[in-house]
Amino acid sequence: MKTGAFGIDIGGTTVKIGYFDTAGTLLDKWEIPTRKEQNGEWILPDIRDAVCAYMKEHNIPVETVAGIGLDVPGAVLEGGIVNRCANLGWGVTPVKKIMETMLPRLPVRVANDANAAALGEMKHSDAYQNIVMVTLGTGVGGGVILNGEIWTGAFGAAGELGHIPVNPEETECCACGKKGCLEQYASATGIVRIAGKRLESSGEDSVLRKVPKLTAKSVMEAAKQGDALAVSVVETACDILGRALASVACVVDPDAFVIGGGVSKAGPMLTDCIQKYYVKYAFHASRNTVFKLAELGNDAGICGAVQMILSEKELLSTDCG
Ligand SMILES: [Zn+2]
């Protein structure tokens, strides 16, 4: 009988590992460093060692473990193949195959980290089967969950909301090499960029002129205090994002948009502002889409990763031991 499963979130600095019961409750979690030397070739063996050591230490028989869900900061193709991951030093890497060769009795599932986080948030909210998660961090990421499952797309790029083209007039380059991508405006970096330009081009007084270092957080806080320039920056970012999500809704028509990432710490002020512009631009049939803040924080990755295992009934019932 299966009693547990692992959810593992591979990041550029640390690997987060969670051990869950089969109801999806997190029982234990810890981190190991991500060893990126030699093109990241030690990352997967380190994970195997950590999982085996944990099972040994806690007397967990292998036949009681349903499997391992893993997420990575890169595109994942059919069959758990990671399609290059610069953050980890990986080229095209058959992660599922490598892990299942090292741990032959444990089934492995692999997803992109933003997609896994979206799945984690969907299961956590337990209210919707169709969501689009938008992660506003250094960049803009996202994940699409349709009928309760991750939608990866043909090339593993579904949910790459940050690179939706929003401005053909842009002269600066996005990290992806294109110009005028959503994340140039709606990410933490984008918000700082808009604020910097506005401070430079206007003589307007603003508390932002006195902050030691301009950050998305300082812009959000100044906007909350009613600083007119900061408010105008947030309005611009939310306008562009709300319009992009109105386009997304024309294709996906989700129950809810879940807003996460560091910028989302600004709270309901941010979701309300995005929703205000979303409603302005959305097709009439999808104007009632729910906007909510992500709730799992740093655990979203491990919680979503394990759900790939726990949502497969066969893995919970069959005895692979
Ligand atoms: Zn881009």
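## Starting from strand β1

Let's begin with one pair of residues: Asp 9 has Asp 71, over in β4, as its bridge partner. The model we're looking at is a predicted one. That pair belongs to a bigger match, since β1 and β4 run parallel and share five bridges.

On its other pairing, β1 meets strand β2 (residues 14-21), this time antiparallel and with seven bridges. Ile 8 finds its bridge partner there in Ile 17. A hairpin of three residues takes the chain from β1 to β2.

How much of β1 is buried? Seven of the seven residues in this strand (4-10) are. Gly 4, Phe 6, Ile 8 and Ile 10 point one way, while Ala 5, Gly 7 and Asp 9 point the other, and both sets are buried.

## The sheet around it

Zoom out a little, and you'll see an open sheet of five strands with mixed pairing, in the order β3-β2-β1-β4-β8. The edges are taken by β3 (26-33) and β8 (108-112), each of which pairs on one side only. Ignoring direction, neighbouring strands here are turned by 20 degrees against each other on average.

Towards the β8 edge, strand β4 (residues 65-72) runs parallel to β8, and five bridges join the two. Across that pairing, Val 72 sits opposite Asn 112 of β8. Helix α3 (residues 95-102) packs on the sheet and touches both β4 and β8. Its direction makes about 150 degrees with that of β8.

## A glycine in β10

Next stop is Gly 142, which you'll find in strand β10 (residues 140-146). Is Gly 142 buried or exposed? It counts as buried because 27 other C-beta atoms lie within 10 Å, and the cut-off for that is 20 or more.

Leaving aside neighbours within four places in sequence, the residues in contact with Gly 142 include Ala 114, Val 132, Met 133, Val 134 and Thr 135. Gly 159, Glu 160 and Leu 161 are also among its contacts. Asp 227, on the other hand, is 85 residues from Gly 142 in sequence and 30 Å away in space, going from C-alpha to C-alpha.

## Helix α7 and what follows

Which residues of helix α7 (residues 216-224) are buried? They are Ala 216, Ser 218, Val 219, Met 220, Ala 222 and Ala 223. In an α-helix, residues three or four places apart point the same way, because there are 3.6 residues a turn.

The buried residues of α7 pack against two other helices, α6 (188-201) and α8 (228-252). Just past the end of α7, Gly 226 has a positive phi of about 95 degrees.

Technical notes. Residues numbered from 1 in each chain as written. Predicted model: local features only at pLDDT ≥ 70, side-chain atom pairs only at ≥ 80, totals over all residues. Buried ≥ 20, exposed ≤ 12 C-beta atoms within 10 Å, placed from the backbone. Helix = DSSP H or I, 4+ residues; strand = E, 2+ residues; numbered from the N terminus. Contact = placed C-beta atoms within 7 Å. Pairing = 2+ DSSP bridges. Axes fitted to C-alpha atoms, helices over the stretch in contact; angles between N-to-C directions.
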